[in-house]
Amino acid sequence: MLDMTLTSIVPLLISSVTATAMAYILSGNSFMFKFTIFEEFSVHRIPYLILLGIVCGLVSLYFTRGMNRIERFFRKFNNPYSKLAIGGSMLIFLFPPLYGEGYDTIGALLNGNSHSLLDQSFFQQFDFNPWVIVVYLMLIIGFKIFATAATNGAGGVGGIFAPSLFVGALTGYVFMSIFEIFGIHLPGGNFALAGMSGLMSGVMHAPL
């Protein structure tokens with residue numbers, strides 16, 4: 001919001017406090033994502049964060065446009081059973097992390113446990129190869145919009161908040177992993193968090 005006046009700021013403050021209070025009342029005050037592996041902020045990582053911001057902007061563009069196109073595709077079907085059949089045929093068996101809202105996956109990435117994402121998948125036998133993990137996570141990023149749009153388009157209940165956090169965490173972790181392979185150390189948890197904020201900002205057009 002560019003209108004920085006009391007008439008615009010006060011309602012935002014009231015709604016933020018109200019939402020926080022209701023969340024504490026209904027869900028308690030524990031954190032949704034618990035992690036212990038992180039590093040303090042360092043100035044020398046700013047160029048990498050700027051580069052990650054650009055990457056998140058491009059991924060958010062793919063996310064938004066892809067979602068819109070797939071949902072338009074589902075609107076062509078009048079038969080709800082056809083929508084359910086198409087929506088239910090997603091690649092969840094190849095990519096188990098696509099199932100659900102993805103908070104478990106985010107937690108695993110924040111705690112540096114990316115190998116657990118390969119459990120019960122075809123790629124589990126190659127988890128010793130860092131490039132396999134990178135390619136696997138990139139494929140999940142690519143197919144997540146299909147899974148999300150198929151859920152919404154087929155009549156399921158869902159939004160874009162959790163998927164944007166999910167894809168953002170993966171984007172940040174893949175970004176970090178590529179630099180790690182080339183010998184540049186970046187903290188995985190920090191960049192997964194930065195990716196979450198970056199992609200959510202891009203998808204929801206709320207950079208601040």
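Let's start with helices H2 and H6. H2 covers residues 46-74, and H6 covers residues 161-181. They pack at an angle of about 135°, and their axes are 10 Å apart. One thing to keep in mind from here on: this is a predicted model.

How do H2 and H6 lie to each other, then? They are oblique. Angles over 145 degrees would count as roughly antiparallel, and 65 to 115 as roughly perpendicular, so about 135° falls in neither group. The crossing of H2 past H6 is right-handed.

Which residues make this contact? On the H2 side, look for Tyr48, Leu51, Leu52, Val55, Cys56, Val59 and Phe63. On the H6 side, find Pro163, Ser164, Val167, Thr171, Gly172, Phe175 and Phe179. Sort the residues of this contact by class and you get 11 nonpolar and three polar. No charged residue takes part in the contact of H2 with H6.

Now stay with H6. This helix has 21 residues. From first C-alpha to last, H6 reaches 30 Å. That is close to the 30 Å expected at 1.5 Å a residue. Is H6 mostly covered or mostly open? Mostly covered: 17 of the 21 residues in H6 are buried. Just past the end of H6, stop at Gly183. Its phi is positive, about 90°.

Next partner: H7. That helix is residues 188-203. The axes of H6 and H7 come within 6 Å, and they cross at roughly 135°. That makes this pair oblique. The crossing of H6 and H7 is right-handed.

Here is the contact. H6 brings Phe161, Ser164, Leu165, Val167, Gly168, Ala169, Gly172, Tyr173, Phe175 and Met176. H7 brings Gly188, Phe191, Ala192, Gly195, Met196, Leu199, Met200 and Val203. By class, the contact of H6 with H7 holds 13 nonpolar residues, five polar ones and no charged ones.

Third partner: H4. How do H4 and H6 pack? The angle is about 25°, with the axes 9 Å apart. Angles under 35 degrees count as roughly parallel, so that is what we call H4 and H6. H4 passes H6 in a left-handed crossing.

From H4, the contact uses Tyr103, Thr105, Ile106 and Leu109. From H6, it uses Phe161, Ala162, Leu165, Phe166, Ala169, Leu170 and Tyr173. The class split for H4 with H6 is 10 nonpolar, one polar and no charged.

Now zoom in on H4 itself. H4 is mostly covered, with six of its eight residues buried. Which ones? Thr105, Ile106, Gly107, Ala108, Leu109 and Leu110. What do these buried residues of H4 pack against? Against H6 and H7.

Take one of them, Thr105. Thr105 sits in H4, which is residues 103-110. Is Thr105 buried or exposed? Its relative accessible area is 7%, and the cut-off for buried is under 20%, so Thr105 is buried. Leave out residues up to four places away in sequence, and Thr105 touches Pro97, Leu117, Phe166 and Leu170. Phe166 and Leu170 should sound familiar: they are in the H6 side of the contact with H4.

After H4 comes Gly112. The phi of Gly112 is positive, near 70°.

Now a residue near the topic of phi, but not a glycine. Most residues other than glycine have a negative phi. His205 has a positive phi of about 55°. Where is His205? In the segment after H7. Its relative accessible area is 66%, and the cut-off for exposed is over 50%, so His205 is exposed.

Let's step back to the whole chain. How many helices and strands are there? Seven helices and zero strands. Read from the N terminus, the order of elements is α-α-α-α-α-α-α. The chain has 208 residues, and 36% of them count as buried.

One last number, on contacts. Take the contacts in the chain with a separation of 6 or more. Residues 24 or more positions apart account for 73% of them.

To recap, follow H6 on the model. H6 is oblique to H2. H6 is also oblique to H7. With H4, H6 is roughly parallel.

Terms used: Residues numbered from 1 in each chain as written. Predicted model: local features only at pLDDT ≥ 70, side-chain atom pairs only at ≥ 80, totals over all residues. Heavy atoms only, no water. Axes fitted to C-alpha atoms, helices over the stretch in contact; angles between N-to-C directions. Helix = DSSP H or I, 4+ residues; strand = E, 2+ residues; numbered from the N terminus. Left-handed = near helix turned anticlockwise from the far one by under 90°. Contact = heavy atoms within 4.5 Å. Nonpolar A, V, L, I, M, F, W, Y, C, P; charged D, E, K, R; others polar. Expected span 1.5 Å × (residues − 1). Buried < 20%, exposed > 50% of the residue type's maximum accessible area, 1.4 Å probe, protein only.
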